[in-house]
Each structure stands twice: as C-alpha cells, then as structure tokens.
Amino acid sequence: MTTEHIITITVETTRGTKTLTVEKTTKVSEVIAEVVALCGFNPGDRFDLFLKADLQNPLQPERPLVSYHIENGAILVLSQVGSGV
Amino acid sequence: MAVDPAITREILRAELDAVRQYGRVHRWGTIPNFASLQVLVTLYAHNDDLYIIEITADDYKEMPPLLEFVDPHTGERGTPHAYPKGNDTFFHTSGPCICAPFNRKAYKSFVQTGPHNDWTYGDWMRSKANNFDWSNVTTLADMLGMIQSRLSQPAQYQGRMG
C-alpha cells in the first residue's frame, strides 16, 4: 500500500502544538475541525489556518491541502479573528 | 473576594508557557513581572509596525485581565497612537480599548470609558456577546492570538488608531 498520499503536518495553536497525519486531499476545513477538537475549543466559530511562511493570507476552507502544495512536515498556524462587539 | 496572588501567579506561569510557544511563530516578546502580576508583550503587524500590550492580571481569572496598549515611541499608555485600527469595533475608540469580554477595560463597571455596561465580568469566560463564543478566548495565548490575527492580516489591520 502506498503512503505517498499520506502526510504528517504540525499545527501551532494557542493551546499547544498539534501533530496530525492526514491525506493530502484533506480539505482545510477538515483540518481546522480536527485541530479545534484537539484543542478543546468549542466548534462553530470561525477559525483560520495559515502557512507558517504566510501569516497574512488564510487558507481557503474548501480547498484540499495538496492544492497549496502542503507536503509532509509542513507547519501550519491556527488562529481566530473573533468579532467586534 | 480577591484571588490569592499566589494562585494568579501560578496561572500566569502556566499560561505564559503557551504564550511563548505560540509567540515564536509571531515574534512576540514577553516580559513578565510576577510580583506585580503584569506582563508586557511586544507584537508586530504585517508591515512591522510595533505594538506593546501591558497585561495586568490581579484577580485573574475571577476577572478578565486588563489589556492596555503602550505607545512604543512615547511610553504613554492608552493613547490612540498606541492602538491599532481595525475594520470593526474590536479596537474600540472609546477609551480606546480592546472591546472584548476578555478585557477588563471594556466593562463600564471597571472603567468609565468602557463601552459595555451590559456585560457582567463573571460571565467573561462563557460570554456569547455578538453571537461569538468567547469561551474559546480564555487564556492569555488565546487573547494575544486573536489580537495578533488582526495585526497580521492586511484586510484586518488599518494602521494606528491615531
């Protein structure tokens, strides 16, 4: 069985560093959901995922990781913008 | 009833570990003063504008901390020039202040300029203000991470408030 389509990524969060093994075709939104759960955040509010090398532009939730050329060992960053009140 | 400073100090030590870890990504600098229960944090916007936040954490976590921006050029606290400008009222001109349940300065019951007399500080860790789940922003790293996300994204950050 080939494992070329499986990658391990690291996600930096405000509640620690999380490591995930996922398929390259996993959507960004699915990664966010898994990390949010691992962190113990309540789901439902908007979280964004960034490449560590580009913290200005959030990854689009509907796109698969492979479309960003995210490879094994990539480091991503989870953040939340919140809301003006 | 006030929180024993020794308890708050232990919470600060634990939470600052997470602040330092996550802060490596964003170039944060931290200077804690455990005696006064205060922390200074330096952050950078996407264009390298420097910001300084002073966190005052007496009675944390019975109460939210008091977050105040300090002007990096003059050292003045709480001036419009010390504050970023965003595209909503998160960075609020009243005070000015960070207008979020996790900031003591947003509560009118604490600070006269606080925008909200409709918030109760005891709810700060489970607030649903503006239909946002603020229970996800209850640690210092969560708070600073949210502030940083507004500095990092050009769509969110519009320079200094004044």
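Colleague: Before we start, what makes a residue count as buried here?

Modeller: We're looking at a predicted model. For each residue you count the other C-beta atoms within 10 Å of its own. To be called buried, the residue needs a count of 20 or more.

Colleague: Okay, so how many residues of α2(B) are buried?

Modeller: That helix covers residues 140-152 of chain B. It is mostly covered. Out of its 13 residues, the number buried is 13.

Colleague: How far apart are the end C-alpha atoms of α2(B), and what span should we expect?

Modeller: Take 1.5 Å a residue for the 13 residues of α2(B). The expected span uses one less than the number of residues, so 18 Å should come out. The end C-alpha atoms agree with that, being 18 Å apart.

Colleague: Which helix gives the most to the side of chain B that touches chain A?

Modeller: The contact takes 21 residues from chain A and 28 residues from chain B. On the chain B side, α1 (5-26) and α2 (140-152) each supply at least two residues. With seven residues, the one that gives the most is α2(B).

Colleague: How do α1(B) and α2(B) lie relative to each other: roughly parallel or roughly perpendicular?

Modeller: Their axes are 8 Å apart and meet at an angle of about 25°. Angles under 35 degrees count as roughly parallel. Therefore α1(B) and α2(B) are roughly parallel.

Colleague: How many nonpolar residues are in the contact of α1(B) with α2(B)?

Modeller: From α1(B), the residues include L16(B), V19(B) and Y22(B), and from α2(B) they include L140(B) and L144(B). The contact also has three polar residues and one charged. The nonpolar count is seven.

Colleague: Over in chain A, which strand runs antiparallel to β4(A)?

Modeller: β4(A) spans residues 75-79, and four of its five residues are buried. Strand β1 of chain A runs parallel to β4(A), with three bridges joining them; one bridge partner pair is E12(A) and V77(A). Four bridges link β4(A) to its antiparallel partner, where D48(A) pairs with S79(A). That partner is β3, residues 48-51.

Colleague: Last one: is P115(B) buried or exposed?

Modeller: P115(B) sits in the loop between β6 and α2 of chain B. Leaving aside neighbours within four places in sequence, P115(B) is in contact with H92(B), S94(B), C99(B) and A106(B). It has 20 other C-beta atoms within 10 Å, so P115(B) is buried.

Key. Residues numbered from 1 in each chain as written. Chains lettered and ligands numbered in written order. Predicted model: local features only at pLDDT ≥ 70, side-chain atom pairs only at ≥ 80, totals over all residues. Contact = placed C-beta atoms within 7 Å. Buried ≥ 20, exposed ≤ 12 C-beta atoms within 10 Å, placed from the backbone. Axes fitted to C-alpha atoms, helices over the stretch in contact; angles between N-to-C directions. Parallel < 35°, antiparallel > 145°, perpendicular 65-115°, else oblique. Nonpolar A, V, L, I, M, F, W, Y, C, P; charged D, E, K, R; others polar. Pairing = 2+ DSSP bridges.
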